[in-house]
Amino acid sequence: MSDEAASVGSAPSRSGTARSWLREHSELGVCVLLLVLGVLVLTDALTMSVDITQRGPVGPRTVPVAVGVGLLVVAVLLAVDVLRGGRGEAEAGEDVDLDEPADRRTVALLTAVFLAFAALIGPLGFPISGALLFWGSAYALGSRHHDRDPLIAAGLSLTTYFVFDNLLGVPLPGGPLMGVL
């Protein structure tokens, strides 16, 4: 075997070098994501139609433009830090046994409760469907206090309804309880 063939075989391939460089600088993926999000937010904000009669310095474009610019600035600063050798700290992690299978029953129950909430909010209104959402979520996550969970769920749902509908001015469907509440 010639010396040239031996040196080609022992040298790392060009794609292997690029792959290892990308693996060492994987945080650049977050930079790209932030950059894309910033561009999308800015594009959406700057193409937003605004009523010409609007008065004042702060309009509907102000916050989206500030968020878009902030995303771009953070993307650039993070990219500079990563390229200078900065690395994210490894998370200590939770006390999770990765050998255990996923709890598909809980995920299925939570999905069913959420879909039922989405289907029932129109005909039953938020107070009733919200109570079912909170009660079903508590059950799916393991609570077996059948005497107090429905009461807590109803209280949470009514409180949420009143805060959003009356205090914040966000109209939520009342359903059959509209006249009562």
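Which residues are exposed on the other side of α4? In this predicted model, the answer is V63 and L77. The sections below place that helix in the whole fold, then turn to its neighbours.

The protein has six helices and zero strands. Along the sequence, the pattern reads α-α-α-α-α-α. Of the 181 residues, 17% count as buried. Among contacts with a separation of 6 or more, 58% join residues 24 or more positions apart.

Helix α4 covers residues 62-83 and has 22 residues. From its first C-alpha to its last, α4 reaches 32 Å. That is close to the 32 Å expected at 1.5 Å a residue. Four of its residues, G68, A75, A79 and V82, are buried. These buried residues cover an arc of only 70° around the axis, so they sit on the same side of α4. The other side of α4 carries the exposed residues V63 and L77. What covers the buried residues of α4 includes α3. After α4 comes G85, whose phi is positive, near 110°.

Helix α3 was examined in the same way. Its 19 residues should span 27 Å at 1.5 Å a residue, and its end C-alpha atoms are 27 Å apart, which agrees. The buried residues of α3 are L28, C31, L34, G38, L42 and A45. Their arc around the axis is only 110°, so they too lie on one and the same side of α3. On the other side of α3, V32, L33, L40 and D44 are exposed. V39 also lies in helix α3. Why does V39 count as partly exposed? The reason is its relative accessibility of 42%, which falls between the cut-offs of 20% for buried and 50% for exposed. V39 and V65 are 26 residues apart in sequence, yet their C-alpha atoms are 10.0 Å apart in space.

The loop between α2 (14-24) and α3 (28-46) holds E27. Is E27 buried or exposed? E27 counts as buried because its relative accessibility is 17%, and the cut-off for buried is under 20%. Leaving aside residues up to four places away in sequence, E27 touches L78, V82, R87 and G88. One of these contacts, V82, is itself a buried residue of α4.

Helix α5 gives another picture. It runs over residues 104-140 and has 37 residues. A straight helix would reach 54 Å at 1.5 Å a residue, but the end C-alpha atoms of α5 are only 11 Å apart. Where does α5 bend? A kink of about 135° lies at G125, shortly before the proline P127. Both G125 and P127 are among the buried residues of α5. Others in that set include T106, S129, G130, A131 and G136. The buried residues of α5 pack against α6 (149-167). α5 is followed by G142, whose phi is positive, near 115°.

Two alanines of α5 were compared. A108 is found in helix α5, and A140 is one of the buried residues of α5. A108 counts as partly exposed because its relative accessibility is 47%. The two residues are 32 positions apart in sequence, but their C-alpha atoms are 8.7 Å apart in space.

In soluble globular proteins, nonpolar side chains tend to be buried together. The largest nonpolar core here has six residues: V113, F117, F126, L133, Y161 and L172. α5 gives the most to this core, with four residues.

Aromatic rings were then paired. The count comes to two aromatic pairs. F117 and F126 form an edge-to-face pair, at 6.0 Å centre to centre and with 85° between the planes. Both F117 and F126 are buried. Y161 and F162 form an edge-to-face pair too, at 5.9 Å centre to centre and with 65° between the planes. Y161 is buried because its relative accessible area is 3%. F162 counts as partly exposed because its relative accessibility is 33%. Three of these rings' residues, F117, F126 and Y161, belong to the largest nonpolar core.

Notes
Residues numbered from 1 in each chain as written. Predicted model: local features only at pLDDT ≥ 70, side-chain atom pairs only at ≥ 80, totals over all residues. Heavy atoms only, no water. Expected span 1.5 Å × (residues − 1). Bend = angle between axes of the 7 residues up to and from the residue. Buried < 20%, exposed > 50% of the residue type's maximum accessible area, 1.4 Å probe, protein only. Contact = heavy atoms within 4.5 Å. Core = buried A, V, L, I, M, F, W, Y, C linked by side-chain atoms within 4.5 Å. Arc of directions from axis to C-beta. Phe/Tyr/Trp six-rings, centres within 6.5 Å; stacked < 30°, edge-to-face > 60°.
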